[in-house]
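Colleague: I'm new to this one and would like to learn how to read it. Could we go through it feature by feature?

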Amino acid sequence: MMQVYDRVLGSNSVSTLLMLTVLAVLLFVMLGALEWIRSQVLIRVSTRFDLLLNERLYNVLFRQAIVSSGKSSAQPLSDLLALRQFLTGNGLFAFFDAPWLPIYIALLFLFHFWFGIVAIISAIILILLAIWNERATHDDLEEANQVAVENSNNTARNLRNAEVVHAMGMLPYLMARWKIKQKKLLILQSLASEKGGLISSLSKTYRVTIQSLVLGLGAWLAINKQISPGLLIGGSILLGRALAPIDIMIASWKQFLVARIAYGRLNALLANFPPETDRMPLPIPKGALRAEQAVVAPPGSKVAVLKGLNFSIEAGTSVALIGASASGKSTLARALLGIWPVASGAIRLDGADVMQSERRLVGPYIGYLPQDIELFDGTIAENIARFGEVDANHVVDAAIAAGVHEMILRLPQGYDTEIGGGGGALSAGQRQRIGLARALYGNPVLVILDEPNSNLDDVGEQALAQALLKLKQRKCTVIAITHRVGILSIVDRIMVLNEGALVLDGPRDEVLAKLNQHPAQAAQGKPA
């Protein structure tokens, strides 16, 4: 602009205009190329950022779910997405461009002293507006974000119980609770948007106004022969270029705050769950278990459920764990599997602390059937094979052992039948038997079954009994939590829990005789 006004218009030289045009086009092409390169770099940085964190974050989600009794959510993955999107947005470009402000101001001082003074005053005003924007919107947006996360997690939990909600007409009441939080969310977001919108409008209005006023200042200086006409236009353009990043930062401050909140949550989560160190692989487990003064409390609770348990189970022993409701049976099962840590003492598998075992290596040798059967999105074969490489022979063997092979063959696609996370159209008994097949897959050395016959019919009970006999023949260690007598004739040993303490432990016949002799203990521990 300066060259056109000062050289071309003064000399009427078309050749000069042509060369300036070619040079300007080349420079703008170079500018566009650099902008494109910068965007590509940031795209690759954001992708690399995701690749470096996604596996660890996915692992941490499950570790968090274990220590919080399943109360974890997938929100950290959404936070990672928000950060990655911010890294490729215009808001971040403004932060990169802002450091050039002193250089632009220095150039404006070279144009004229008053141009520089106007630039400094304008920059200070816009920076003050940015600080005001931060303080005015930060608390509202942070609280709104927290409410949104809580509301989303509550809704996800309610959706998992959609059948109960529908059957008992609970939807209006749950919706009323949701609407209270949603109303609070809308109010907070509206307040933040109103404040941010006002400040953003003030920023844009001031920037446009000062660019026009600096034209007037330039005209006055040109009239007084202090600058050339080219500097008049150039000063206005350069001032706009200098102030644009601050204006964009103010306009995109909401996205920056959301990214910062997401970063804070991710940082805190990853700090609480540092990377797991690689451990030296131990020999294949044999299934021997030992508890040494084990005290166990549910994650987040200070009240111990299991109180100083001491016992030893030799490899290949089949044990029935019985007791009244809330006596600590499921807690012991979780502790034996290393799901819940001990508050004091130790639980050992083949002499090694079960919490220190490399789960990726030990897991294939362990079978677990929880009370609440959860199947995953995929085929029946994939569910039985634990979503590893599907070995057809092992899958069928596990299904036959669980007595579910014939049932699976009657399904439309057999073992390739797709089921959802809730088990699809499968009955509770079918889900339980498929869960049992999953526990038996791959010939494990330790199998823990928590109420394995709670949803089984007579045929299922017989299949379970046959499966336990085969496990016993293979010298597999079995811990079966039960309230029914059908399993007791198969096991070698019975352990009776009462209020977190081991009150009876010994060979099956001996323990049953003691229970029959003492009705009070029988009422607390004997199966129905």
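Modeller: Sure. Keep in mind that this is a predicted model. Let's begin with enclosed space: a search of the whole structure turns up one cavity of 30 Å³ or more.

Colleague: How do you spot empty space in the first place, and how much space lies in the largest cavity?

Modeller: The general idea is to roll a probe the size of a water molecule over the atoms, which shows where empty space is left. Here the largest cavity holds about 40 Å³. Its lining is made by Ser 318, Leu 468, Lys 472, Val 478, Ile 490 and Val 491. Sorted by class, that gives four nonpolar residues, one polar and one charged.

Colleague: And pockets? How much space lies in the second largest pocket, and which residues are the closest to its centre?

Modeller: That pocket has about 1300 Å³ of space. It is lined by 28 residues, and the closest to the centre are Phe 28, Leu 31, Ile 237, Leu 238 and Arg 241.

Colleague: Which helix gives the most to that lining?

Modeller: Helix 2, with 12 residues. Helix 2 (14-67) is joined by helix 1 (2-11), helix 4 (90-97), helix 5 (101-111) and helix 9 (229-251), each supplying at least two residues. As for character, the lining of the second largest pocket splits into 21 nonpolar, three polar and four charged residues.

Colleague: Let's turn to sheets. In what order do the strands of the open sheet run?

Modeller: Four strands line up as 2-1-4-5, with antiparallel pairing. Strand 2 (306-313) and strand 5 (352-353) are at the edges with a single partner strand each, so one side of each has no neighbour in the sheet. Strand 5 pairs with strand 4 (residues 342-349) over two bridges, in the antiparallel sense. You can find Leu 349 standing opposite Ala 352 of strand 5.

Colleague: Which helix packs on that sheet?

Modeller: Helix 11 (residues 329-336), which touches strand 1 (289-296), strand 2 and strand 4. The direction of helix 11 makes about 60° with that of strand 2.

Colleague: Now zoom out for me. How many helices and strands does the protein chain have, and is the chain spread out or compact?

Modeller: There are 19 helices and 12 strands. To judge the spread, compare the radius of gyration with a globule rule: the chain has 35 Å, well over the 24 Å that the rule gives for 528 residues, so it is more spread out than a compact globule. Along the principal axes, the C-alpha atoms fill a box of roughly 115 × 45 × 45 Å.

Conventions
Residues are numbered from 1 along each chain as its sequence is written. This is a predicted model: local features need pLDDT of at least 70, side-chain atom pairs count only at pLDDT 80 or more; totals for chains, interfaces and linings use all residues. Side-chain values use heavy atoms; hydrogens and water are left out. Two strands pair if DSSP finds at least two bridges between them. Contact means heavy atoms within 4.5 Å. Axes are lines fitted to C-alpha atoms, for helices over the stretch in contact, and angles run from 0 to 180 degrees between N-to-C directions. On a 1 Å grid over the protein atoms alone, a cavity is a set of points where a 1.4 Å probe fits but cannot get out, and a pocket is an open set with protein on both sides within 12 Å along at least five of seven lines; lining residues have an atom within 4 Å of a point. Grid points are joined across faces, edges and corners, and a volume is the space filled by probe spheres set on the points. Ala, Val, Leu, Ile, Met, Phe, Trp, Tyr, Cys and Pro count as nonpolar, Asp, Glu, Lys and Arg as charged, and the others, Gly among them, as polar. The radius of gyration is taken over C-alpha atoms; the globule rule is 2.2 Å times the number of residues to the power 0.38.
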